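User: Could you walk me through reading aromatic pairs and a nonpolar core in a model like this one?

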Amino acid sequence: MSWPSAIAAFFIAAICLAVTRRMSVGSIAAVLAFPALVWYYDNDYFYFAIGMAAFLLLMHVSNIIRLSKGEEK
């Protein structure tokens, strides 16, 4: 993976965390942005990044459901 895409994803997560005060929102935003960042900085790993993002989204399904219901702390 490329370091610039990982650092950019970290900053996206940090900004979302600062704005919403919910780490789940920051994590999900970073996961959704990561494939685009990888494509921009180092597109050799683009398909791997899509697979990784899909896996991480599956890991956050319970958080996404709680966020949509307004129950996430």
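**Aromatic pairs and the core**

Analyst: Let's start with one ring: Phe11 is partly exposed, at a relative accessible area of 48%, where buried means under 20%, exposed over 50% and partly exposed in between (1.4 Å probe, protein chains only). This is a predicted model, in which local features need pLDDT of at least 70 and side-chain atom pairs count only at pLDDT 80 or more, while totals for chains, interfaces and linings use all residues. Residues are numbered from 1 along each chain as its sequence is written, and side-chain values use heavy atoms, leaving out hydrogens and water.

User: How is a pair of aromatic rings described?

Analyst: By the distance of the centres and the angle of the planes. Rings of Phe, Tyr and Trp (its six-membered ring) pair if their centres lie within 6.5 Å; planes under 30 degrees apart are stacked, over 60 edge-to-face, and the rest tilted. The whole structure holds 3 aromatic pairs. One of them joins Phe10 and Phe11 edge-to-face, with 5.6 Å centre to centre and 70° between the planes. Phe10 is exposed, at 54% relative accessibility.

User: Which geometry do Phe46 and Tyr47 show?

Analyst: Edge-to-face again, at 5.5 Å centre to centre and 65° between the planes. Phe46 is partly exposed at 22%, whereas Tyr47 is exposed at 70%.

User: And which residues make up the largest nonpolar core?

Analyst: Such a core is a set of buried Ala, Val, Leu, Ile, Met, Phe, Trp, Tyr and Cys residues joined through side-chain atoms within 4.5 Å. Here the largest has 9 residues: Ala8, Ala9, Ala13, Ala30, Ala33, Phe34, Leu37, Val38 and Ala49. Helix H1 (3-20) and helix H2 (23-41) each give two or more residues to this core; helices (H or I, at least four residues) are DSSP runs numbered from the N terminus. H2 supplies the largest share, 5 residues.
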